[in-house]
Structure formats: structure tokens, C-alpha cells
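Hi there,

Here is the structure I promised to pass on. Have a look at it first, and then read my notes below.

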Amino acid sequence: MRLQILTIIVLLHVAACVTAQAKPGGSSAQAEILWDTWGTPHIFAKDTNSAARALGWAQMQSHGNRLLRAIAIARGRGAEYFGQEMLDADEFTRTIGTYTISRKWRDQQGAEFAPYLEAFVAGINEFGRQHPERLTPEAHAVLPVDSVDIIAAATRLLTRFVATAGGCTSVFVGHSNTWAIGPSHSAIGHAMILENLQVPWDLDWATFFEATPRRLAHPCRN
């Protein structure tokens, strides 16, 4: 059994070393992406900003059209880019003010995290400039994106599940698990929400994405 486990580990190691490589950012890049057999990006970066930039680039390579579609919906402009079937989604987004509150939250990001968010966005836009052929014309029209777009997309996804968990199935059909903690029961004195994001597999604007950032020595070099 130990030999079998060791063999599997070696095979995984080799798979990561022989699959496609990418160095976003040209000669100034501080990160490298190795793709394993299952399409998972393994990001090796010299600093967190570089890792965030590479993660944005990698997500575009894997799901660029889907990512940009989600951002268009989060802007409340899905119908503008993708057609009238997005009108209901746009109406909801604009009614609850997703983009307005996301702009406010972007300005409230801390000095440490804000640069990571901007680096992630830079990676998305960089891939769009380098590989427009990988995107549909509708998705490409959404570019460039900014950090407000990313916060808005996350906010809309969370709102979907919070609304569903609260029984607002007339707004969003589905279910989720949520814990809500009132300010009087919170150690920090603020309301808190713990959300289990049960994203359906059949959504055309959201999916799961696995990445493995590392600050370790490169696995394919001495």
C-alpha cells in the first residue's frame, strides 16, 4: 500500500512537470503556472501579489467566457452584452444596488488586501489582451474589468444564496445553509454571516475553481 501511494505521488509530480506552462506578465513576471493532467493550475510565485495576478490569468484560461459573463451580470449589464435573456438578472442586480455597494466595499479594503485584489484583476485583463481568440466577442466586450467588478460578482453570488436561505424562493430558486450572528452575539460587535455556497453544477455563470498557490521550491527544478 505504501508503494502504491508513493507511486501515485510520483505520477502526480510528473504530471505537473510535463503539462503546459505559462508565465503571465512577460519578462517582469514573478510567477509561473504549471497545469496538471486534471487542469488544475499550480502557481509558483515569489510574492502574494504575483500569485494573485497569476490566479486571475489562470481563471481566464480555464473559464474566461464564464467569468466575464458573471461580471456582466454583476454590473447589471448582462443584457447589453449577452442579449435580452439577461434582463431579469439585470433588473434584480440594479434593484438591490449590487454595484453601488460593491464600489463602497472596494474603497473599504485594507492596505494589505487591496493590492492582491488589484493584482488579480490585472491578471484577468492581461489574459484578455494576450488571448482575445480564446473569448467570444460578447465576453471580450466586457473587458477591461476592475476590482469593483470582482466584489460585485461575489456579492451577487452571496446574495443569491442568502435570499434563498431566507425563504425568498420567488427571487432565487434553490437552497443553501447559512448561519447569521447578530451584533449582540458577536465578539467583534458586528453582524456576521457564515455561508455554505452550494453552487449548482449546471449554472452557466458560476463554477468551482481549484488552484494551489505555493511559496515552495519549484517541483521540477533542483
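Searching the whole structure, which is a predicted model, turns up two aromatic pairs. A quick reminder before the details: a pair of aromatic rings is described by the distance of the centres and the angle of the planes.

One pair is Trp-57 with Phe-127, and its geometry is edge-to-face, with 5.0 Å from centre to centre and 80 degrees between the planes. This pair links distant parts of the chain, since Trp-57 belongs to helix 2 (residues 48-75) and Phe-127 to helix 6 (residues 113-130), 70 residues apart. Both of these residues, Trp-57 and Phe-127, are buried.

The other pair is Phe-113 with Tyr-116: the ring centres are 6.3 Å apart and the planes meet at 85 degrees, so this pair is edge-to-face. Here both partners lie in helix 6, three residues apart, which is about one turn of the helix. Are they buried or exposed? Phe-113 counts as partly exposed because its relative accessibility is 43%, and Tyr-116 is partly exposed too, with a relative accessible area of 23%.

There is also a charge to find by a ring: the charged end of Arg-69 sits over the ring of Phe-82, 5.2 Å from the ring centre.

Last stop, helix 5 (residues 98-107). Which of its residues are buried? They are Thr-98, Tyr-99 and Ser-102. Looking down the axis of helix 5, you'll see these buried residues fall within an arc of 85 degrees, so they line one face of the helix. On the face turned away from that buried side, helix 5 carries the exposed residues Thr-100, Lys-104 and Asp-107.

Cheers

Note on methods:
Residues are numbered from 1 along each chain as its sequence is written. This is a predicted model: local features need pLDDT of at least 70, side-chain atom pairs count only at pLDDT 80 or more; totals for chains, interfaces and linings use all residues. Side-chain values use heavy atoms; hydrogens and water are left out. Buried means under 20% relative accessible area, exposed over 50%, partly exposed in between (1.4 Å probe, protein chains only). Helices (H or I, at least four residues) and strands (E, at least two) are DSSP runs, numbered from the N terminus. The arc is that of the directions from the helix axis to the C-beta atoms. Rings of Phe, Tyr and Trp (its six-membered ring) pair if their centres lie within 6.5 Å; planes under 30 degrees apart count as stacked, over 60 as edge-to-face and the rest as tilted. A charge sits over a ring if NZ of Lys or CZ of Arg is within 6 Å of the ring centre and within 35 degrees of the ring normal.
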